[in-house]
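Visitor: I should like to learn how to read strands and cores in a protein model. May we look at an example together?

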Amino acid sequence: MEFGNKKIEQLLTSQLWHIDEAYGIAALNSYIHDIYLRQNGFSATEIGLSERRHANKALVYSAGAPINDAKLIYNAALTPAGSTAVLKLSGVMRAQDGLSGNGIELLVNDLRAAYANENITSIILEINSGGGESTAGAMLKNAIQERNKPVISYGWMVASAAYLAAAATDEIIAASPDSQFGSIGVLFSLNKAFLEMYTAEQIDIYADQSTQKNAAFRAAQNGDFSKYQKLATEHAAVFHSEVMAMRTLKGNEGRIKSTLDGSMFFAQEAKSRGLVDNIGNFNLALDRAQRWAKKKRM
């Protein structure tokens, strides 16, 4: 691959990821396919980029029916009392907007608007994501923990950084028996070709006082990846402790360890391990959100 696309270079090099790697590779292939189509004359409309963004717009449900106005959550005067906001987390989690997906910053803004809207009494976060940037997962988790009303997770694929966010909600519902949860782990993804090219063509001059600045990357340039390994291990320990603080995992110490080893689990197995609370369709998620709202008011 030629290194001319800055977004691809950013995606491939030296990032801390909370992501299921098979999901990430599939997403990267899809991204490269979009770039190929654009380079060959297909318009953004023909590729369907705007439709993808529109599919992730926030909805408000009132009396069990959706109101198709994404900005309704920002206007309490127009929002029916007792409404449920449905926000969507889909695709690779990035802090900022990407080519065809909304960034976590926008989702966080929608969450805070829903918190401020007095006529929204509960929130459903519909998730279909294999995770993404470590920072994006932390941003969403923190925003969920700011809540002043119930937030329910309703998930199809909920992995890594996406699971970190889901674990912060009041309840996790698997959308179907073949929904998948887990991949609770950390990795650094280093592109060898980029590392070799950078080392061959770039000279970095550090201040005498900056002996540990970019230490892991500098060591990797000399073939030593131990510092990246240490950083990944330290981040994984934090990830595990956060999940265990937010969820009551089931089983003995060995079983809990296997729950946190990066494996993915189908819904029933995930439920047996404490990663999921219920399995059901969207109507169940709406009902549970409303029940949580009533409980909150009592």
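Visitor: In which sense do β2 and strand β3 pair, and over how many bridges?

Guide: Please note that this is a predicted model. Strand β2 (residues 59-62) and strand β3 (residues 65-67) pair in the antiparallel sense over three bridges. Within this pairing, Pro66 in β3 is the bridge partner of Tyr61. Two residues lie between the strands of the hairpin, where Ala63 takes a positive phi near 55°.

Visitor: Which strand do three bridges join to β2 in an antiparallel run, besides the hairpin partner?

Guide: That is strand β4 (residues 83-90). Here Val86 in β4 stands opposite Leu59.

Visitor: Which way do the side chains of β2 point?

Guide: In a regular strand the side chains alternate between the two faces of the sheet. In β2, Leu59 and Tyr61 point one way, while Val60 and Ser62 point the other way; all are buried.

Visitor: Which residues have the most contacts inside the largest nonpolar core?

Guide: They are Leu89, Ile123, Leu140 and Tyr163, in a core of 51 residues. Apart from that core lies another of 12 residues, among them Tyr61, Val86, Tyr154 and Phe282.

Visitor: Is Asn119, in the loop between α5 and β5, buried or exposed?

Guide: Residues under 20% relative accessible area count as buried. Asn119 has 18%, so Asn119 is buried. Its side chain reaches the backbone oxygen of Thr79 at 3.1 Å. Leaving aside neighbours within four places in sequence, Asn119 is in contact with residues including Ala76, Pro80 and Ser83.

Note on methods. Residues numbered from 1 in each chain as written. Predicted model: local features only at pLDDT ≥ 70, side-chain atom pairs only at ≥ 80, totals over all residues. Heavy atoms only, no water. Buried < 20%, exposed > 50% of the residue type's maximum accessible area, 1.4 Å probe, protein only. Helix = DSSP H or I, 4+ residues; strand = E, 2+ residues; numbered from the N terminus. Pairing = 2+ DSSP bridges. Core = buried A, V, L, I, M, F, W, Y, C linked by side-chain atoms within 4.5 Å. Polar contact = N/O pair within 3.5 Å; in protein donor to acceptor, adjacent residues only side chain to side chain. Contact = heavy atoms within 4.5 Å.
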